[in-house]
Amino acid sequence: MRFDIITLFPELFAPFLQAGVTRRAYSSGQVAVQLHNPRDFADGNYRRVDDRPFGGGPGMVMMAPPLERTLQYIRALRDDGAPLVFFSPQGHVWNHALAQAWAVDARGAILLCGRYEGVDQRFIDAYVDVQVSVGDFVLSGGEIPAMAVLDSVTRLMPGVLSDEASHIQDSFNPALDGLLDCPHYTRPEEWNGRAVPEVLLSGHHEHIARWRREQSLLATAAQRPDLLHNSRAQGLLSAQDECVLREAGYNGGLN
Ligand code: SAH
(Lines give C-alpha, C1' and ligand atoms only; values in the text may rest on other atoms or scores of the structure.)
Protein backbone atom coordinates (compact mmCIF):
# COMPACT_ATOMS: atom_id res chain seq x y z
CA MET A 1 0.00 0.00 0.00
CA ARG A 2 1.32 3.39 -0.95
CA PHE A 3 0.50 6.88 0.25
CA ASP A 4 1.83 9.99 -1.51
CA ILE A 5 1.35 13.01 0.73
CA ILE A 6 1.31 16.56 -0.61
CA THR A 7 2.33 18.89 2.22
CA LEU A 8 4.11 22.18 2.80
CA PHE A 9 5.50 20.69 6.04
CA PRO A 10 6.96 17.25 5.24
CA GLU A 11 9.22 17.49 8.31
CA LEU A 12 6.16 17.03 10.56
CA PHE A 13 5.85 13.41 9.40
CA ALA A 14 9.33 12.14 10.34
CA PRO A 15 8.74 11.51 14.08
CA PHE A 16 5.30 10.05 13.36
CA LEU A 17 6.69 7.54 10.86
CA GLN A 18 9.52 6.49 13.17
CA ALA A 19 7.71 5.75 16.44
CA GLY A 20 5.37 3.21 17.95
CA VAL A 21 3.84 -0.07 16.84
CA THR A 22 3.30 1.11 13.26
CA ARG A 23 6.98 2.05 12.71
CA ARG A 24 7.90 -1.29 11.13
CA ALA A 25 5.03 -1.09 8.65
CA TYR A 26 6.44 2.21 7.38
CA SER A 27 10.14 1.29 7.48
CA SER A 28 9.58 -2.07 5.74
CA GLY A 29 7.48 -0.44 3.02
CA GLN A 30 4.39 -2.51 3.84
CA VAL A 31 2.90 0.98 3.97
CA ALA A 32 5.09 3.11 1.70
CA VAL A 33 4.87 6.84 2.42
CA GLN A 34 6.28 9.41 -0.02
CA LEU A 35 6.24 13.09 0.89
CA HIS A 36 5.98 15.84 -1.75
CA ASN A 37 6.34 19.55 -1.10
CA PRO A 38 4.49 21.81 -3.59
CA ARG A 39 7.20 24.41 -2.92
CA ASP A 40 9.56 22.20 -4.94
CA PHE A 41 7.19 22.65 -7.88
CA ALA A 42 6.65 26.41 -7.47
CA ASP A 43 7.91 29.21 -9.73
CA GLY A 44 10.38 32.02 -9.16
CA ASN A 45 13.03 32.78 -6.60
CA TYR A 46 10.48 32.89 -3.82
CA ARG A 47 8.88 29.59 -4.81
CA ARG A 48 5.51 30.98 -3.97
CA VAL A 49 2.76 28.49 -3.12
CA ASP A 50 0.06 30.79 -1.73
CA ASP A 51 -1.52 34.13 -2.57
CA ARG A 52 -4.18 36.54 -1.32
CA PRO A 53 -7.82 35.59 -1.90
CA PHE A 54 -9.72 37.21 -4.78
CA GLY A 55 -12.55 39.27 -3.32
CA GLY A 56 -10.46 40.24 -0.31
CA GLY A 57 -10.62 38.97 3.24
CA PRO A 58 -8.08 37.53 5.65
CA GLY A 59 -5.52 34.81 5.08
CA MET A 60 -3.91 33.19 2.08
CA VAL A 61 -4.99 30.51 -0.38
CA MET A 62 -2.86 27.67 -1.77
CA MET A 63 -2.34 28.26 -5.50
CA ALA A 64 -3.45 25.70 -8.09
CA PRO A 65 -0.38 25.61 -10.45
CA PRO A 66 2.21 24.23 -7.96
CA LEU A 67 -0.34 21.69 -6.73
CA GLU A 68 -1.12 20.59 -10.27
CA ARG A 69 2.57 20.08 -11.04
CA THR A 70 3.04 18.11 -7.80
CA LEU A 71 0.08 15.90 -8.67
CA GLN A 72 1.34 15.32 -12.23
CA TYR A 73 4.73 14.30 -10.83
CA ILE A 74 3.08 11.80 -8.48
CA ARG A 75 0.75 10.42 -11.17
CA ALA A 76 3.81 9.83 -13.38
CA LEU A 77 5.34 7.76 -10.55
CA ARG A 78 2.20 5.71 -9.98
CA ASP A 79 -0.52 5.08 -12.53
CA ASP A 80 -2.75 2.93 -10.35
CA GLY A 81 -5.65 5.39 -10.30
CA ALA A 82 -5.24 6.01 -6.57
CA PRO A 83 -7.80 8.56 -5.41
CA LEU A 84 -6.75 12.12 -4.55
CA VAL A 85 -8.04 12.85 -1.06
CA PHE A 86 -8.25 16.43 0.19
CA PHE A 87 -8.46 16.99 3.94
CA SER A 88 -11.09 19.57 4.74
CA PRO A 89 -13.49 20.33 7.60
CA GLN A 90 -16.14 20.21 4.85
CA GLY A 91 -15.49 16.56 3.95
CA HIS A 92 -17.06 13.26 5.04
CA VAL A 93 -16.12 12.57 8.66
CA TRP A 94 -13.54 9.75 8.92
CA ASN A 95 -14.55 6.64 10.87
CA HIS A 96 -13.65 3.02 11.60
CA ALA A 97 -15.63 1.61 8.66
CA LEU A 98 -13.70 3.82 6.22
CA ALA A 99 -10.35 2.90 7.84
CA GLN A 100 -11.30 -0.79 7.51
CA ALA A 101 -12.27 -0.39 3.85
CA TRP A 102 -8.98 1.38 3.07
CA ALA A 103 -6.96 -1.28 4.95
CA VAL A 104 -8.16 -3.98 2.53
CA ASP A 105 -7.80 -1.81 -0.60
CA ALA A 106 -4.11 -2.30 -1.38
CA ARG A 107 -3.79 0.85 -3.52
CA GLY A 108 -3.60 3.51 -0.82
CA ALA A 109 -4.13 7.11 -1.90
CA ILE A 110 -2.70 10.52 -2.65
CA LEU A 111 -3.35 12.81 0.33
CA LEU A 112 -3.47 16.59 -0.02
CA CYS A 113 -2.91 18.59 3.17
CA GLY A 114 -4.31 22.10 3.01
CA ARG A 115 -2.87 25.11 4.88
CA TYR A 116 -3.91 28.74 5.36
CA GLU A 117 -7.55 29.35 4.29
CA GLY A 118 -7.42 26.24 2.10
CA VAL A 119 -6.85 25.42 -1.57
CA ASP A 120 -8.00 27.26 -4.72
CA GLN A 121 -11.44 25.78 -5.39
CA ARG A 122 -10.64 25.24 -9.06
CA PHE A 123 -7.94 22.71 -8.15
CA ILE A 124 -10.42 20.88 -5.89
CA ASP A 125 -13.07 20.85 -8.63
CA ALA A 126 -10.60 19.65 -11.26
CA TYR A 127 -8.72 16.95 -9.37
CA VAL A 128 -9.99 15.99 -5.92
CA ASP A 129 -11.86 12.66 -5.74
CA VAL A 130 -12.98 12.80 -2.12
CA GLN A 131 -12.85 15.23 0.79
CA VAL A 132 -12.24 13.85 4.28
CA SER A 133 -12.73 15.60 7.62
CA VAL A 134 -11.54 14.39 11.02
CA GLY A 135 -14.32 16.16 12.90
CA ASP A 136 -16.29 19.35 13.32
CA PHE A 137 -13.42 21.62 14.30
CA VAL A 138 -10.78 23.51 12.34
CA LEU A 139 -7.08 22.68 12.40
CA SER A 140 -4.26 24.79 10.96
CA GLY A 141 -3.42 22.19 8.35
CA GLY A 142 -4.20 18.78 6.88
CA GLU A 143 -1.08 17.11 8.28
CA ILE A 144 -2.66 15.92 11.54
CA PRO A 145 -5.70 14.55 9.63
CA ALA A 146 -3.27 12.78 7.25
CA MET A 147 -1.49 11.15 10.19
CA ALA A 148 -4.82 10.20 11.78
CA VAL A 149 -5.96 8.50 8.58
CA LEU A 150 -2.60 6.79 7.96
CA ASP A 151 -2.43 5.49 11.52
CA SER A 152 -6.00 4.23 11.66
CA VAL A 153 -5.56 2.35 8.35
CA THR A 154 -2.07 1.00 9.03
CA ARG A 155 -2.91 -0.54 12.43
CA LEU A 156 -5.71 -2.55 10.76
CA MET A 157 -3.40 -4.10 8.18
CA PRO A 158 -2.38 -7.74 8.63
CA GLY A 159 0.75 -8.25 10.72
CA VAL A 160 1.15 -4.63 11.84
CA LEU A 161 0.05 -5.06 15.45
CA SER A 162 2.07 -7.75 17.19
CA ASP A 163 -1.04 -9.22 18.79
CA GLU A 164 -3.38 -9.73 15.85
CA ALA A 165 -6.40 -10.00 18.13
CA SER A 166 -5.88 -6.65 19.79
CA HIS A 167 -7.56 -4.35 17.30
CA ILE A 168 -10.51 -6.69 16.93
CA GLN A 169 -11.39 -5.87 20.54
CA ASP A 170 -11.23 -2.10 19.97
CA SER A 171 -14.20 0.25 19.93
CA PHE A 172 -16.36 0.30 16.76
CA ASN A 173 -15.14 -3.14 15.60
CA PRO A 174 -17.67 -5.62 14.21
CA ALA A 175 -16.52 -8.12 16.90
CA LEU A 176 -17.92 -5.69 19.49
CA ASP A 177 -21.15 -5.28 17.49
CA GLY A 178 -20.36 -1.59 16.99
CA LEU A 179 -20.11 -0.88 20.74
CA LEU A 180 -17.33 0.90 22.65
CA ASP A 181 -14.47 -1.06 24.25
CA CYS A 182 -14.69 -2.19 27.90
CA PRO A 183 -12.45 -0.68 30.64
CA HIS A 184 -8.93 -2.09 31.07
CA TYR A 185 -6.88 -2.65 34.25
CA THR A 186 -3.32 -3.75 34.99
CA ARG A 187 -1.04 -4.08 38.02
CA PRO A 188 -1.02 -3.09 40.84
CA GLU A 189 -4.19 -4.86 41.99
CA GLU A 190 -4.92 -1.98 44.32
CA TRP A 191 -4.02 1.62 43.56
CA ASN A 192 -4.82 4.63 45.79
CA GLY A 193 -7.52 2.58 47.53
CA ARG A 194 -9.10 1.50 44.24
CA ALA A 195 -9.32 -2.24 43.58
CA VAL A 196 -9.46 -3.99 40.23
CA PRO A 197 -12.95 -5.46 39.59
CA GLU A 198 -12.87 -8.87 41.23
CA VAL A 199 -14.23 -10.78 38.26
CA LEU A 200 -11.06 -9.95 36.28
CA LEU A 201 -8.96 -11.79 38.87
CA SER A 202 -11.29 -14.83 38.96
CA GLY A 203 -9.82 -16.65 35.95
CA HIS A 204 -13.41 -17.52 34.98
CA HIS A 205 -13.41 -16.76 31.25
CA GLU A 206 -17.14 -16.87 30.78
CA HIS A 207 -17.80 -14.48 33.66
CA ILE A 208 -15.07 -12.15 32.43
CA ALA A 209 -16.51 -12.12 28.91
CA ARG A 210 -19.99 -11.40 30.26
CA TRP A 211 -18.66 -8.58 32.48
CA ARG A 212 -16.80 -7.04 29.55
CA ARG A 213 -19.90 -7.13 27.38
CA GLU A 214 -21.91 -5.45 30.15
CA GLN A 215 -19.27 -2.75 30.55
CA SER A 216 -19.22 -2.15 26.79
CA LEU A 217 -22.99 -1.81 26.74
CA LEU A 218 -23.04 0.58 29.71
CA ALA A 219 -20.16 2.73 28.38
CA THR A 220 -21.85 2.98 24.99
CA ALA A 221 -25.23 3.82 26.53
CA ALA A 222 -23.64 6.53 28.68
CA GLN A 223 -21.23 8.07 26.17
CA ARG A 224 -22.51 7.26 22.69
CA PRO A 225 -26.23 6.46 22.68
CA ASP A 226 -26.14 6.97 18.90
CA LEU A 227 -23.89 3.90 18.52
CA LEU A 228 -26.13 1.85 20.80
CA HIS A 229 -29.10 2.87 18.70
CA ASN A 230 -27.31 1.70 15.51
CA SER A 231 -26.36 -1.65 17.05
CA ARG A 232 -29.95 -2.19 18.16
CA ALA A 233 -31.32 -1.20 14.74
CA GLN A 234 -29.02 -3.80 13.15
CA GLY A 235 -30.30 -6.49 15.51
CA LEU A 236 -26.91 -6.90 17.18
CA LEU A 237 -28.15 -6.68 20.79
CA SER A 238 -29.32 -9.89 22.47
CA ALA A 239 -32.18 -10.24 24.95
CA GLN A 240 -29.51 -10.51 27.65
CA ASP A 241 -27.92 -7.23 26.45
CA GLU A 242 -31.32 -5.49 26.62
CA CYS A 243 -31.80 -6.86 30.11
CA VAL A 244 -28.44 -5.37 31.23
CA LEU A 245 -29.42 -1.99 29.80
CA ARG A 246 -32.91 -2.06 31.36
CA GLU A 247 -31.50 -2.94 34.77
CA ALA A 248 -29.09 -0.01 34.54
CA GLY A 249 -31.99 2.31 33.72
CA TYR A 250 -31.45 2.69 29.98
CA ASN A 251 -34.65 2.10 28.07
CA GLY A 252 -34.76 2.12 24.29
CA GLY A 253 -31.39 3.89 24.06
CA LEU A 254 -33.15 7.25 24.25
CA ASN A 255 -31.67 8.49 27.51
N1 SAH B 1 -11.20 27.84 5.58
C2 SAH B 1 -11.37 26.43 5.75
C3 SAH B 1 -10.45 25.85 6.82
C4 SAH B 1 -8.99 25.98 6.51
S5 SAH B 1 -8.01 25.23 7.72
C6 SAH B 1 -12.81 26.13 6.15
O7 SAH B 1 -13.33 26.86 7.01
O8 SAH B 1 -13.42 25.16 5.66
C9 SAH B 1 -6.56 24.82 6.79
C10 SAH B 1 -6.47 23.38 6.31
O11 SAH B 1 -6.44 22.52 7.43
C12 SAH B 1 -7.61 22.89 5.45
O13 SAH B 1 -7.44 23.22 4.09
C14 SAH B 1 -7.55 21.38 5.67
O15 SAH B 1 -6.63 20.76 4.79
C16 SAH B 1 -7.04 21.28 7.10
N17 SAH B 1 -8.11 21.02 8.08
C18 SAH B 1 -8.54 21.86 9.04
N19 SAH B 1 -9.51 21.31 9.78
C20 SAH B 1 -9.71 20.07 9.30
C21 SAH B 1 -10.59 19.00 9.66
N22 SAH B 1 -11.47 19.10 10.64
N23 SAH B 1 -10.51 17.85 8.94
C24 SAH B 1 -9.64 17.74 7.91
N25 SAH B 1 -8.79 18.72 7.53
C26 SAH B 1 -8.82 19.88 8.21
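**Exercise 1. Find which pocket the ligand takes up, and describe the shell around the ligand.**

Step 1. In this predicted model, the ligand occupies the second largest pocket. A pocket here is an open set of points on a 1 Å grid over the protein atoms alone, with protein on both sides within 12 Å along at least five of seven lines. A molecule sits in a pocket if more than half of its atoms lie within 2 Å of its grid points.

Step 2. Now look at the elements: strand 5 (84-93) and strand 7 (130-133) each give two or more residues to the shell around the ligand. Strand 5 provides the largest share, 5 residues. Strands are DSSP runs of E with at least two residues, helices are runs of H or I with at least four, and both are numbered from the N terminus.

Step 3. In total, 20 residues surround the ligand, each with a heavy atom within 4 Å of it. Among the closest are Gln 90 and Glu 117. By class, the shell has 10 nonpolar, 9 polar and 1 charged residues.

**Exercise 2. Work out which backbone atoms lie 2.6 Å, 2.8 Å and 2.9 Å from the ligand.**

Step 1. Start with the ligand oxygen: a backbone N or O atom of Phe 87 is 2.6 Å from it.

Step 2. Turn to nitrogen: a backbone N or O atom of Phe 137 lies 2.8 Å from a nitrogen atom of the ligand, and a polar backbone atom of Leu 139 is 2.9 Å from a ligand nitrogen.

Step 3. Check the cover: the ligand alone exposes 560 Å², of which the protein buries 87% (Shrake-Rupley method, 1.4 Å probe).

**Exercise 3. Describe the largest pocket and its lining.**

Step 1. The largest pocket holds about 600 Å³ of space.

Step 2. Its lining has 23 residues, and those closest to the centre include Asn 95, His 96 and Phe 172. Helix 4 (96-104) and helix 8 (225-233) each contribute two or more residues to this lining.

Step 3. The lining divides into 8 nonpolar, 10 polar and 5 charged residues.

**Exercise 4. Locate the cis peptide bond.**

Step 1. The cis bond joins Arg 187 and Pro 188, with omega about 0 degrees.

Step 2. Pro 188 is in the loop between helix 6 (143-154) and strand 8 (190-191).

**Notes.** Residues are numbered from 1 along each chain as its sequence is written. Local features need pLDDT of at least 70, side-chain atom pairs count only at pLDDT 80 or more, totals for chains, interfaces and linings use all residues, and side-chain values use heavy atoms, without hydrogens and water.

Note on methods: Polar contact = N/O pair within 3.5 Å; in protein donor to acceptor, adjacent residues only side chain to side chain. 1 Å grid on protein atoms, 1.4 Å probe; cavity = no way out; pocket = protein on both sides within 12 Å on 5 of 7 lines; lining within 4 Å. Nonpolar A, V, L, I, M, F, W, Y, C, P; charged D, E, K, R; others polar. Points joined across faces, edges and corners; volume = space filled by probe spheres on them.
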